[in-house]
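Subject: A structure to look at, with notes

Dear colleague,

I am passing on a structure that I would like you to look through at your own pace. Please open it first, and then read the notes underneath with the model beside you.

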Amino acid sequence: MSTQIDTDCVIVGGGPAGLMLALMLARQGIDVTVAEKHADFLRDFRGDTIHPSTQELLLQLGLLDEFLARPHNDMSRVTLSWQGTELTLADFTRLPTHRKVMTFMPQWDFLDLLAGSASRHPGFHLLRSTQVDGLITERGRVVGVTGTAPEGDVVVRAQLVVDASGRDSDVRAAAGLTQVGSAAAMDVLWFRLARRAGETYPFIQAGDGMIITIDRGDFFQIAHVIPAGSWTGSVDDLDRMRKRVARISPRMTDPVAAVAVSDVHVLRVRLERLRRWYTEGMLCIGDSAHAMSPAGGVGINLAIQDAVATARLLGPVLKVRAPVGRDLHLVQRRRTWPVWITQFVQRRIQGQLIASREPGAALPFALRMLRDHPRLAYLTGRFVGLGARPESM
Ligand SMILES: Cc1cc2nc3c(=O)[nH]c(=O)nc-3n(C[C@H](O)[C@H](O)[C@H](O)COP(=O)(O)OP(=O)(O)OC[C@H]3O[C@@H](n4cnc5c(N)ncnc54)[C@H](O)[C@@H]3O)c2cc1C
């Protein structure tokens, strides 16, 4: 049996970009349907960072109190421990925002908040467990998507298709949109470490590669940055990883010894962007338009800011007609520069993140600058906390 849906805007993917856009369009009274392939938002391989600028948006949306009522941790400064030298990488305390902190919240909680808020608007529809597998094209224009759900096939026709299905999007490929860019110089190993009561680690520890530690209460989520392609999943790789982690963070020696190959997930980092973010009837936003590296932890913020710009520029158009190429181009024009500059910075810092150094080696240049001129951390705080071009409603 196939389900037929007519809507103003169909969004492929219920990640940060897709759900924020859906919420903002639904608030404008636009009928919006999100197709998300998973049944829930419980995925591990995502950042947990909610930036000060995103919290400013939540304030504008009247959602900040609801957001803060969920379990979270705040960080006013991003600190780094480099072979015993403690540095502040980014300082948020002087940002011109209501909340001057980066907040850590499991992404499923954040997405749940957005979906819950959007569902208060009658125009919002979320199709869970619905995987989009094709585009409907008529007279050279994308006019909808096809997909599969547990109940059968789904056909959604819309004035606008937005692809927010992330960096591995099949949808943009089906539309003939191609990326430029390359694999990044690094991969990320993602695993959990047991946490003893009261135990803490610096957020970032570096020296021979880098370890980011996210405190999830009963365990630590570890992101360990390594040179690209250096993990094949062999026992030798595991042994090397354990030794490297122990060198960077001697206190992790015992917990990391308990990690097995099957506990380690490798994330191949890519730094890419589309030449053209749209075709007639369809626009890509978020990681689908520009796969970001985890360096600096800014991908979610960029994805959300794409969504805000899209809702602001295309919401009023959708109320009266189907957006055409030049409307979609305005979104690309607005968002290309922040993506370009962010990827440029990510490329520049990734070498520092994976550099292998002997104990006692000199601090890299960028870290020396931050050590010698601590006020620079306000600038980096601005870049990380607000993004290169913050968007507001
Ligand atoms: C290891 C790692 C760590 C990171 N850490 C951080 C961090 O700390 N902070 C930060 O800001 N950024 C981080 N990032 C980047 C961040 O995860 C992304 O930039 C961000 O998630 C992009 O959001 P999005 O909504 O565009 O896409 P996604 O978050 O990828 O969401 C896409 C959604 O689409 C769904 N989907 C995919 N295909 C289909 C389909 N065919 N049909 C229906 N649904 C589909 C997926 O299930 C998913 O829910 C990290 C990235 C990596 C790889």
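What follows is an account of what was found, going from the whole chain down to single residues.

Please keep in mind from the start that this is a predicted model. The secondary structure of the protein chain comes to 11 helices and 18 strands. The chain has a radius of gyration of 21 Å, and the globule rule gives 21 Å for 393 residues, so the chain is as compact as a globular protein of that length. Measured out along its principal axes, the C-alpha trace spans about 65 × 45 × 40 Å. Of the 393 residues, 46% count as buried, and among the contacts with a separation of 6 or more, 75% are made by residues that are 24 or more positions apart.

Next comes the interior. The largest nonpolar core has 81 residues, and those with the most contacts inside it are C9, I11, M20, L21, A22, L283 and A307. Which helix gives the most to this core? That is helix 8, which covers residues 299-318 and supplies 10 residues. A307, if residues up to four places away in sequence are not counted, touches A17, M20, L21, M24 and I285. Apart from this core lies another one, of 21 residues, which includes I211, M241, V256 and V259.

The model also holds a ligand, with 36 residues around it, of which G15, G47, G166, G286 and G299 come nearest. The elements that give two or more residues to this shell are helix 1 (16-27), strand 9 (131-138), strand 12 (179-194), strand 16 (265-274) and helix 8. Helix 8 gives the most to the shell, with four residues, and helix 8 is also the element that gives the most to the largest nonpolar core. By type, the residues of the shell divide into 17 nonpolar, 14 polar and five charged.

Two helices deserve a slower look, beginning with helix 1. Is helix 1 largely enclosed or largely open? All the counting points one way: 12 of the 12 residues of helix 1 are buried, so this helix is largely enclosed by the rest of the structure. Its buried residues pack against strand 1 (2-12), strand 2 (32-35), helix 4, strand 8, strand 11 (152-163) and helix 8. Its length can be checked as well, since at 1.5 Å a residue the 12 residues should span 16 Å, and the end C-alpha atoms are 17 Å apart, which agrees. After helix 1 comes G29, whose phi is positive, near 85°.

Helix 4, residues 107-118, has 12 residues and reaches 16 Å from its first C-alpha to its last, close to the 16 Å expected at 1.5 Å a residue. Its buried residues are Q107, F110, L111, L113, L114, A115, S117 and A118, and they pack against helix 1, strand 3 (49-50), helix 3 (64-68) and strand 8 (124-127).

Some single residues are also worth finding on your screen. V162 sits in strand 11 and counts as buried, because it has 32 C-beta neighbours inside 10 Å and the cut-off for a buried residue is 20 or more. Leaving aside neighbours within four places in sequence, V162 is in contact with C9, I11, L21, L283, I285 and T310. V162 and V12 are 150 residues apart in sequence, and yet their C-alpha atoms are 6.2 Å apart in space. G207, in the loop between strand 13 (204-206) and strand 14 (210-215), is likewise buried, with 21 other C-beta atoms within 10 Å. G207 and W340 are 133 residues apart in sequence and 28 Å apart in space, C-alpha to C-alpha.

Finally, there are two backbone angles to notice. Most residues other than glycine have a negative phi. S129, however, has a positive phi near 50° without being a glycine; S129 lies in the loop between strand 8 and strand 9 and counts as partly exposed, with 15 C-beta neighbours inside 10 Å. R139 is not a glycine either, and has a positive phi of about 45°. R139 lies in the loop between strand 9 and strand 10 (141-149), and is exposed, with 6 other C-beta atoms within 10 Å.

With best wishes

Definitions and conventions
Residues are numbered from 1 along each chain as its sequence is written. This is a predicted model: local features need pLDDT of at least 70, side-chain atom pairs count only at pLDDT 80 or more; totals for chains, interfaces and linings use all residues. The radius of gyration is taken over C-alpha atoms; the globule rule is 2.2 Å times the number of residues to the power 0.38. Two residues are in contact if their C-beta atoms, placed from the backbone, lie within 7 Å. A nonpolar core is a set of buried Ala, Val, Leu, Ile, Met, Phe, Trp, Tyr and Cys residues joined through C-beta atoms within 7 Å. A residue is near a molecule or strand if its C-beta atom, placed from the backbone, lies within 6 Å of it. Ala, Val, Leu, Ile, Met, Phe, Trp, Tyr, Cys and Pro count as nonpolar, Asp, Glu, Lys and Arg as charged, and the others, Gly among them, as polar. The expected span of a helix is 1.5 Å times one less than its number of residues.
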